[in-house]
Structures are given as C-alpha cells and as structure tokens.
Amino acid sequence: MDKTLKWKIGLVAVLVVLSLWVSYPIKEKINLGLDLQGGVHLLMGVDTEKAVINETIRMKSYIERALKEKKIKVESTDVQKDKSFNLSFISQEAKEKAKDVIEDIYPESNIQDVDGKTLKISMSQKMLNNYVNLTVQQAVEVLRNRVDKFGVSEPIIQRQGRDRIVIQLPGLDDPARAKKVISTGGVLEFKLVIDSGPSPESIMEKYNQKLPEGTEILPIETPGEEGEGAIRGYVLVKKEAEITGKYLKDARVGQDQYGLPSVNFEFNSEGAEIFGNVTEKNIGKQLAIILDGKVQSSPVIRSRITDRGEITGNFSYEEAQDLVVILRAGALPAVLEYLEERTVGPSLGADSIRAGVIASIAGFILIVIAMVVYYRWSGLVANFALLLNGIFLIAAMSYFKFTLTLPGIAGIVLTLGMAVDANVLIYERIREELRLGRTVRSAVDMGFSKAFGTILDSNITTLIAGLVMFQFGTGPIKGFAVTLSIGLIISMFTAVFVSRIIFDMRIGSKKVTKLSI
C-alpha cells in the first residue's frame with residue numbers, strides 16, 4: 001500500500017471520528033423545527049400606513065418647534081389623507097424663510113407653494129421607502145428581543161416581503177401569553193392631565209363639543225379588577241408627550257404601597273433631566289402614565305422627580321413581568337396585526353418525526369438492496385459510501401446548530417437517492433470500459449475520471465437550484481434547500497473520494513483480472 005493511499009485512509013478515518021464526536025449527543029446538537037416539535041407559527045402585518053401618518057405628525061411638530069425657535073409665526077393644519085400638511089405664514093417673506101429652515105431640516109421632503117403665504121409639506125417617495133424599511137426592521141428587532149425573554153429554542157423571526165414578519169416559536173408552552181407580549185405596542189408616554197370625566201361625552205360638554213387644540217381624550221384602564229381591560233373613566237391630556245419610554249434605562253417588577261405587583265422604571269441621564277424639569281414645573285398637577293394609548297395611572301406630582309418612577313394598575317405578577325419584558329425590549333415602531341396563525345401540537349410533531357424516520361430508513365434499505373443486487377461487491381462499496389454520507393451530513397447539521405424541519409427530512413431522503421446516483425454513473429462507465437477490453441485497473445481509472453465531469457455538472461445545477469430556494473424561500477423551503485445542498489457536497493466526497501480509496505485498496509494489493517460490478 002503506497003503512502004498516498006495511506007494518508008487518504010487516515011483522512012477519512014479522522015473525519016469519521018470527528019463527525020461522531022461533533023454529533024454526540026444528537027438530541028442536543030440538532031434542534032427540531034416547528035413542524036416536528038410543535039409550537040406556534042404567526043404571520044404578522046406591519047401597519048406601515050399608520051406608521052407613516054404618525055411620522056408625518058412628528059415631522060410637523062418638529063418643523064413647528066424649529067420655526068418657533070427662529071421666531072417665525074406659523075399656523076398649521078392637521079395631516080391630511082395624502083399624508084401632507086399645510087403651513088400658513090403672515091407674509092411671503094416669512095414663508096420663504098420658513099422654506100429655507102425646512103429644507104435644512106428635511107432636505108429630501110416635498111415642499112410645494114400653495115399660494116403666496118402657504119406651503120404644503122409631505123415626505124418624498126425616497127423618505128417613505130426608507131422609513132417603511134426602517135420601521136419593519138425595527139419591528140423585527142423588537143420582536144426578537146421580546147421572544148428571547150421566553151427562552152424558546154431557536155425561534156425564527158424574519159421579514160417577509162415589504163411589510164410582513166414571520167414568527168415561529170417551536171416548543172412553546174403558552175402561545176396565548178406569547179401572542180399578547182408580541183402584539184403589545186409597548187409605547188410608554190407621560191402626559192399632563194388637563195381634565196377628567198366618567199365618559200368622553202362629559203368632557204366634551206365642558207368644552208362646548210370642541211376640544212382645545214393639541215389635546216385628546218384617553219381611557220383609564222384597570223386591568224384585573226372589573227375584568228381584563230375594564231375602563232373606569234377618561235382624561236383629557238395633551239397630544240404631545242412630556243417624555244416617552246425611549247429614555248428608559250431599566251424596568252423591573254416591584255411592589256406598590258399595598259403589596260401588589262407594580263413595575264418600577266428608571267430613566268437614563270437625559271431622560272432624568274427632562275423628567276425632573278417636567279415634574280418641577282407642574283407640582284400639584286396630575287401626570288398620566290400611558291401605555292399604548294391607555295392610562296395606567298395618573299398620580300399627582302408632589303415634588304420634583306428625576307430618574308425613577310412606578311407604574312401601578314392592579315397587575316398580576318405575570319402581567320407585571322410581561323410589561324417589564326415589553327418595556328425593556330422597546331416599543332414597536334408600528335401597530336402589528338395577525339394575518340395568519342397556525343398551532344402545531346407536540347403529538348402531530350411526534351407523528352411527523354416518526355414518519356420521517358421511517359421514510360429515511362425505508363429509503364436507505366431499498367437503496368442498499370438495489371445496489372447490492374445490481375452491482376454486487378461494488379454495490380457494497382456504494383452502500384458504505386452512503387453510510388458515511390449520512391454520518392457526515394448529521395455532523396454538519398450538528399456543527400452548524402441546524403434546525404431540522406419536515407422538508408429538511410425530505411431533503412435528507414432525496415440526498416440518499418442522489419448520493420448513489422454518482423456511484424451509478426461511475427459504475428456504468430467502468431462497465432463500458434471493461435466491455436471495450438480494458439484491464440480492471442485501466443477501467444477503474446477511466447470510469448472515475450470520465451464520470452467525474454458529468455457528476456460535477458449535475459450537482460452544480462442542483463446546488464444552484466438549492467441556493468435560489470434558500471435565498472428566496474421561507475423557513476420550510478430553506479430547510480429543504482440546506483439539507484439538499486449540504487448532502488450533495490458531501491456525496492461528491494463520499495462517492496468520488498471514498499469509493500475510489502476502496503477500489504484502490506481492492507485492485508492495488510494484487511493483480512486483479514475480474515471485478516464484481
């Protein structure tokens with residue numbers, strides 16, 4: 001046995017040992033997907049339309065503040081259906097000055113002259129596209145942060161299309177709670193209370209059915225007291241928040257003065273300064289603590305408060321804990337709606353695993369029998385290469401922490417058939433060379449060398465298809481593409497490299513005049 005053959009055998013032996021070591025224990029190395037383990041599949045839509053309107057409102061407020069700083073008097077309209085707003089000025093000169101200020105702040109915005117004293121402002125198409133992309137990306141990150149708190153093994157949270165998000169939570173025990181935490185906006189705001197009443201109508205009557213400019217009516221919610229989400233009154237507050245949850249540094253579960261669960265929060269240094277100024281200037285007034293448009297509490301400001309506060313609301317411990325998760329993960333940049341929901345039970349997942357294992361074993365046995373019957377000794381070589389293919393494939397999946405899905409099992413079964421396809425091409429070529437009267441050594445050499453080009457071409461075209469499926473497919477399709485592609489690459493090694501080593505061992509030790517093929 002020459003040295004080249006020895007190092008080839010040693011290489012294969014080392015790879016086998018490494019593969020077995022990497023794969024053990026297999027249950028801990030390969031995660032099961034949603035369809036095998038059970039869990040929840042959610043398809044959520046991001047309300048980008050409303051998000052763009054809200055951003056236009058923020059844009060309008062920012063422009064108004066900037067013009068006020070420049071001492072330019074302006075009157076504005078509400079944001080219209082076409083997501084634009086008008087700004088009116090006392091003179092054309094003031095309008096032109098304002099135009100320069102707006103162009104400095106938002107150079108890509110659309111600014112149109114309506115008349116000599118009025119401008120029409122809106123976001124450009126480029127601004128809209130950038131904002132929509134950013135909104136969906138932020139939503140994905142916030143959802144990922146929230147889901148991570150549940151300890152779900154290998155969750156899938158990814159964007160699909162322009163404004164949709166796919167969420168897969170395999171092995172989840174409490175899907176209802178997860179859905180609530182996922183869909184909650186998490187927008188924390190602090191607004192000064194102007195007035196209050198038992199109903200919106202009672203507040204409207206005080207102001208002759210016309211609310212003061214820049215105000216809104218919000219409900220006061222009491223969770224867990226008179227039924228979940230019970231409303232116990234309404235308050236009139238400023239539309240613009242004094243401070244928001246974006247300045248939060250930390251949130252944790254605590255206890256209120258009655259020993260009930262509450263949520264304690266802490267602002268960062270910038271937020272503490274803002275909160276301190278607000279509370280100092282408004283001692284004796286009520287400050288509404290608002291979560292997703294509903295007032296949780298509205299305590300009276302007794303003194304200056306800087307970096308700490310408390311949210312109370314008759315929470316259960318679990319509700320307080322979920323609120324902490326939401327506040328820590330950050331607010332969703334837009335409203336989400338459920339477009340599709342599928343729940344897979346553990347029993348159905350177990351049935352899928354059982355069916356997949358049976359299919360794989362049955363396919364393997366049939367291939368083994370067919371190869372031995374048709375190619376005899378050479379068929380045994382192909383079967384050994386196929387066995388190594390399975391070991392290497394499992395090792396690769398274990399190393400990369402692959403999540404196995406039902407389509408992934410289908411990819412493995414298909415790989416088994418395609419793995420022996422290379423051996424079939426090689427063996428048929430060897431048979432052809434033997435019929436032409438070549439020696440066994442020459443026929444084997446010619447068979448492997450001439451079949452290699454065909455094997456390479458066919459596998460490359462299949463790999464291209466696999467890459468396309470991986471790039472543009474969703475979770476299950478990607479699982480199929482990954483197992484198929486990895487299996488094809490490994491089959492090239494086992495069918496061509498490993499099989500050739502065994503043939504060289506068979507015909508290299510002595511002069512062979514006949515080959516069992």
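Modeller: Buried means under 20% relative accessible area, exposed means over 50%, and partly exposed lies in between, taken with a 1.4 Å probe and protein chains only. By that rule Lys-83 is buried, because its relative accessible area is 18%. This is a predicted model, so local features need pLDDT of at least 70 and side-chain atom pairs count only at pLDDT 80 or more, while totals for chains, interfaces and linings use all residues. Residues are numbered from 1 along each chain as its sequence is written, and side-chain values use heavy atoms, with hydrogens and water left out.

Colleague: Which residue forms a salt bridge with Lys-83?

Modeller: A salt bridge is a side-chain nitrogen of Lys or Arg within 4 Å of a carboxyl oxygen of Asp or Glu. Here Glu-49 forms one with Lys-83, and the closest N and O atoms are 2.6 Å apart. The pair links distant parts of the chain, 34 residues apart: Glu-49 sits in helix α4 (residues 48–69) and Lys-83 in the loop between β3 and β4. Helices (H or I, at least four residues) and strands (E, at least two) are DSSP runs, numbered from the N terminus. Glu-49 counts as partly exposed because its relative accessible area is 44%, whereas Lys-83 is buried at 18%.

Colleague: How many salt bridges does the structure hold?

Modeller: The structure holds 26 salt bridges. In another of them, Glu-55 is joined to Arg-58, with the closest N and O atoms 3.0 Å apart. Glu-55 and Arg-58 are three residues apart in helix α4, so about one helical turn separates them. Arg-58 has a relative accessible area of 46% and is therefore partly exposed.

Colleague: How far apart are the closest N and O atoms of Glu-96 and Lys-95?

Modeller: In the salt bridge between Glu-96 and Lys-95 these atoms are 3.7 Å apart. Glu-96 is partly exposed because its relative accessibility is 32%. Lys-95, at 3% relative accessibility, counts as buried.

Colleague: Which residues are linked in a network of salt bridges?

Modeller: The network links Arg-429, Glu-432, Glu-433, Arg-438 and Lys-450.

Colleague: Now the sheets. In what order do the four strands of the open sheet come?

Modeller: Two strands pair if DSSP finds at least two bridges between them. In this open sheet the order is β3-β4-β6-β5, with antiparallel pairing. Its edge strands are β3 (75–76) and β5 (110–115), each of which pairs on one side only. Strand β4 (residues 84–88) is joined to strand β6 (residues 118–122) by five bridges, and the two run antiparallel. To locate one bridge, start from Ser-88 and find Thr-118, its partner in β6.

Colleague: Where is the place of Ser-124, and is it buried or exposed?

Modeller: Ser-124 belongs to the loop between β6 and α6 (125–148). With a relative accessibility of 8%, Ser-124 counts as buried. Its C-alpha atom is separated by 57 Å from that of Leu-18, and the two residues are 106 apart along the chain.

Colleague: What about strand β9: how many of its ten residues are buried?

Modeller: Eight of the ten are buried, so strand β9 (residues 188–197) is mostly covered. With strand β15 (residues 287–291), β9 makes five bridges in the antiparallel sense; there Glu-189 stands opposite Ile-290. The antiparallel pairing of β9 with strand β12 (residues 243–244) has two bridges, and Ile-243 is the bridge partner of Phe-190. Strand β11 (residues 230–238) runs antiparallel to β9 and is joined to it by four bridges. In that pairing Ser-196 stands opposite Val-235.

Colleague: Can we take two helix residues as well? How accessible are Thr-279 and Leu-456?

Modeller: Thr-279 lies in helix α9 (residues 269–281), and it counts as buried because its relative accessibility is 1%. Leu-456 lies in helix α14 (residues 440–472), and it counts as partly exposed because its relative accessibility is 31%.

Colleague: Last, the overall layout. Into which domains is the protein divided?

Modeller: Domain bounds come from an automatic or database domain assignment. Domain 1 consists of two segments (3–35 + 346–508), domain 2 spans 48–128 and domain 3 spans 184–342. Between the C-alpha centres of domain 1 and domain 2 there are 64 Å.
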